[in-house]
Amino acid sequence: MWLVDNRVLLPGITTLTRLVAEVRASGNTALYRTLDEAVPEDLGQTMRDLLKVPDGKRVSELERLRTPPMRVSGAAMTAALERAKEVQGLGAHLVPTSLVPAARLSGLARYGMGSKAPTLRDLEETRKTATLPATVQHLETATVDDALDLLDVLMSSRLLSRAERVGKEEKLKSLPRLRRAAGRVARAVGVLLEGKHGGRPPVITDDMLHTVLRRRELGESVEQIQPDLFIPTGKRKGQNPSVASIYRALAEHEKRAAYPEAVEQAHADFAALTRSEVPEPRTEAKALTTR
């Protein structure tokens with residue numbers, strides 16, 4: 001208002017746009033230079049080597065380290081731990097980043113996680129040196145999270161469920177017909193709770209959903225994430241899930257987060273059906289005495 005009241009000539013929108021762009025470019029250049037000077041030469045070369053494609057391989061080392069586990073198995077758990085160990089061994093956490101705002105560092109990591117290796121390879125040298133350590137520092141946390149998530153799924157779906165299944169099978173050997181029927185009802189309810197249809201496994205597994213959620217937090221769209229997802233089991237094993245399947249899984253995840261009490265009650269009902277609290281069938285003699 002002071003400019004208007006004093007009849008000061010206001011700059012045009014193109015002039016303001018140019019000035020803002022110059023200030024942002026100057027700030028980015030200072031940021032890249034600060035991180036470039038903080039990265040030792042040998043570590044910088046190690047970071048740049050991640051963009052190379054090894055002989056006999058189809059993807060760069062960075063792309064290999066960015067790819068989360070796709071299967072739930074003991075071998076996948078070992079590979080996840082080795083991946084986390086390898087990322088930690090690169091030494092990106094040794095780069096001092098206390099002078100860089102966390103939001104700017106997160107922006108660099110988001111760009112590094114979402115860009116292909118050739119794009120990163122063609123960056124200006126100081127920007128490349130600044131982007132790669134930020135990306136690897138993000139991977140240090142992400143790989144540990146992936147390993148812990150896989151361990152949780154492995155424990156619940158393979159080890160604990162196997163022991164529980166063996167115990168139930170032993171119990172069913174001594175149960176009468178009514179309890180066997182109750183077991184079948186419990187399995188049917190379990191299918192509904194787990195979102196399976198006709199005995200087929202779900203297209204979007206827990207680890208795939210976790211990958212989608214994590215990468216969406218980094219600013220990627222579902223359409224960008226979909227080509228990197230692969231169905232682990234079933235007739236479509238090895239194929240990419242449809243975008244619609246991913247959106248349905250996200251909708252179900254949001255529904256579970258919005259109504260945790262309803263989900264908890266459904267699981268409690270399922271547990272009640274699987275316990276031995278089903279009434280014993282009455283024999284003919286017992287039926288006569290109760291009349």
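**Briefing: the second largest pocket and model confidence**

In this predicted model, 18 residues line the second largest pocket, and Glu63, Arg66, Lys116, Arg215 and Asp228 lie nearest its centre. A pocket is an open set of points on a 1 Å grid over the protein atoms alone, where a 1.4 Å probe fits, with protein on both sides within 12 Å along at least five of seven lines; lining residues have an atom within 4 Å of a point. Local features need pLDDT of at least 70, side-chain atom pairs count only at 80 or more, and totals for linings use all residues. Residues are numbered from 1 along each chain, and side-chain values use heavy atoms.

**Pocket**
- The lining has eight charged (Asp, Glu, Lys, Arg), five nonpolar and five polar residues.
- At least two lining residues come from each of α4 (61-66), α6 (102-114) and α10 (206-217).

**Ring contact**
- Arg127 places its charged end over the ring of Tyr111, 4.8 Å from the ring's centre (cut-offs: CZ of Arg or NZ of Lys within 6 Å of the centre and within 35 degrees of the ring normal).

**Confidence**
- Mean pLDDT (the predictor's confidence in each residue, 0 to 100) is 79 for the chain, and 72% of residues reach 70 or more.
- Among the elements, α4 has the highest mean, 93, and helix α14 (residues 284-289) the lowest, 45.
- Where pLDDT is low, predicted coordinates should not be read in detail.

Terms used:
Helices (H or I, at least four residues) and strands (E, at least two) are DSSP runs, numbered from the N terminus.
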